[in-house]
Structures are given as structure tokens and as C-alpha cells.
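Got your viewer open and a selection box ready? Let's walk through this one stop at a time.

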Amino acid sequence: MKARIAASVLLAAGLLVGTAGCNLVAPQATTKHYDASDGVSANLGGVDVRNAVIISDDGELGNLVVTLVNTTDESARVTVQYESDGEDATETVTLDANSSTPFGLPDGETITLVDMGTQPGALLPVYFQSGDTDGRELLVPVLTTQLPEYSTLAPKAPRD
């Protein structure tokens, strides 16, 4: 009788370990961070770059669609730098404290990239920097307005 109980306990323990053992060996996919959309993201100390994508139909004039999140209690300046016609071009924006600011949406602030010299479907190197923290170069995808979700995000000519 004791042998039967011991065998039952051993079998139950074996089943428990066998069915739960996958989590001991395989990594959990839900713990891996990834960009869930077409854009790319980065953390710059107290400022987060979220879902950066460039909308351009000709590869020369582009609309940088991005959300910049300032997680600090002070305003922050973010510098966006890219290559324009062989030279560095720089745009600087100021973010309010503890704010999330979208850029490139139809009725909001825009960051227009000019003379990019790239093609839709390519990745454009864009450098983001905030405050004293090290900046990050992101390879930002260049997409067109042909997809319905981007049809209203065509770039507007920059203001002088």
C-alpha cells in the first residue's frame, strides 16, 4: 500500500515538473521589449522617443512622426539631427515637464526633414539628444502615404 502511495506521489511530481518545466528553460516572450508598430523607440535619460517614423512620398521632404515623452519635473530640449543634402541638419524642440508631446500629426507640431536624399522603404539615420545625456542614433523607417493609416501624414513644406 505504501508503495502505491509513493508511486502516485512520484507520478504526480513528475507530471507537475514535466508540464511546468517549459518556463524553466524557455525565455518568456512577454518580458522582451519591442516596438509594436512600424517605428523605432529609444530612451534618452529623462526623455523617451516613441514610435519614430518618417512619412515621405519622394524621399526628399519628410514628416517625422514621433511622440517625445518628458518624464522629468523640468522642461527638456530635444535635438533631432539628420543628414540633409550632405550636411548635418538640426531641429530643436522644447518639451514641457512631465508631458507626452506628439509630432507630425495633422493638427499638431511638426518636424519637417528636407533634402533627405533617401527612398521610401529605406532607413534614415536620425540622431536624438536631450540635455547632458548621451544621444542615440536611430535607423528610422521611411514610409509613404499609400497606407491608409499614413494617408493624412504627408509632409508640409517647412516654414522659413
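Is Asp115 buried, partly exposed or exposed? Select Asp115 and switch on a surface to make your guess. Asp115 turns out to be partly exposed, because its relative accessible area is 37%, and partly exposed covers the range between 20% and 50%. You'll find Asp115 in the loop between E7 and E8. Check its backbone while you're there: Asp115 has a positive phi of about 50°, and it is not a glycine. That's worth a pause, since most residues other than glycine have a negative phi. Keep in mind that what you're looking at is a predicted model.

**Zoom out**

Now show the whole chain as a cartoon. You should be able to pick out 2 helices and 9 strands. Start at the N terminus and both helices go by before the run of strands begins. Turn the model around and follow the C-alpha trace: along its principal axes it spans about 90 × 40 × 30 Å. The radius of gyration of the chain is 24 Å, whereas a compact globule of 160 residues would have one near 15 Å.

Colour by burial next. Of the 160 residues, 33% count as buried. With the surface on, about 10200 Å² is exposed, and carbon and sulfur atoms supply 53% of that. Then colour by charge: there are 8 positive and 22 negative side chains. The centres of those two sets lie 24 Å apart.

If your viewer can draw contacts, try that too. Take the contacts between residues at least 6 apart in sequence: 56% of them join residues at least 24 apart.

**Into the core**

Select Ile54 and Phe128. In the largest nonpolar core, which has 27 residues, these two touch the most other members. Which elements give two or more residues to this core? Highlight strand E1 (40–44), strand E2 (47–55), strand E3 (62–70), strand E4 (76–84) and strand E5 (87–95), then add E8 and E9. As background, nonpolar side chains in soluble globular proteins tend to be buried together.

Stay on Phe128 and show what surrounds it. Leaving aside neighbours within four places in sequence, Phe128 is in contact with residues including Leu44, Val49, Ala52 and Leu64. Also on its contact list are Thr79, Val80, Gly135, Arg136, Leu138 and Val140.

Apart from that core lies another one, of 5 residues. To find this second core, select Val53, Ile55, Val65 and Leu153, which are among its members.

**Loop hopping**

Head for Asn98, in the loop between E5 and strand E6 (99–103). Asn98 has a positive phi, about 45°, and is not a glycine either.

Move along to Gly108, in the loop between E6 and E7. Gly108 counts as partly exposed, because its relative accessibility is 39%. Draw a distance line from Gly108 to Arg50: the C-alpha atoms are 16 Å apart, with the two positions 58 residues apart in sequence numbering.

Next is Val114, in the loop between E7 and E8. At 25% relative accessibility, Val114 is partly exposed. Draw a line from the C-alpha of Val114 to that of Pro155 and you get 9.6 Å, for two residues 41 apart along the chain.

Is Thr118 buried or exposed? Select Thr118 in the loop between strand E7 (112–113) and E8. Thr118 is buried, because its relative accessible area is 11%, and buried means under 20%. Not counting residues up to four places away in sequence, Thr118 touches Asp58, Gly59, Glu60, Leu124 and Val142.

Now jump to Asp134, in the loop between strand E8 (123–130) and strand E9 (136–143). Asp134 is exposed, with a relative accessible area of 69%. Asp134 and Gly45 are 89 residues apart in sequence, and their C-alpha atoms are 8.2 Å apart in space.

**Last stop**

Finish with Tyr150, in the segment after E9. Tyr150 is buried, with a relative accessible area of 10%. Which residues does Tyr150 touch, not counting those up to four places away in sequence? Show Asp38, Ile55, Leu143, Thr144 and Thr145 to see them. For a final distance line, go from Tyr150 to Tyr34: they are 116 residues apart in sequence and 21 Å apart, C-alpha to C-alpha.

Terms used. Residues are numbered from 1 along each chain as its sequence is written. This is a predicted model: local features need pLDDT of at least 70, side-chain atom pairs count only at pLDDT 80 or more; totals for chains, interfaces and linings use all residues. Side-chain values use heavy atoms; hydrogens and water are left out. Helices (H or I, at least four residues) and strands (E, at least two) are DSSP runs, numbered from the N terminus. The radius of gyration is taken over C-alpha atoms; the globule rule is 2.2 Å times the number of residues to the power 0.38. Buried means under 20% relative accessible area, exposed over 50%, partly exposed in between (1.4 Å probe, protein chains only). Contact means heavy atoms within 4.5 Å. Accessible areas come from the Shrake-Rupley method with a 1.4 Å probe; for residues, only the protein chains shown count as cover. Lys and Arg count as positive and Asp and Glu as negative; His and the chain ends are not counted. The place of a charge is taken as NZ of Lys, CZ of Arg, CG of Asp or CD of Glu. A nonpolar core is a set of buried Ala, Val, Leu, Ile, Met, Phe, Trp, Tyr and Cys residues joined through side-chain atoms within 4.5 Å.
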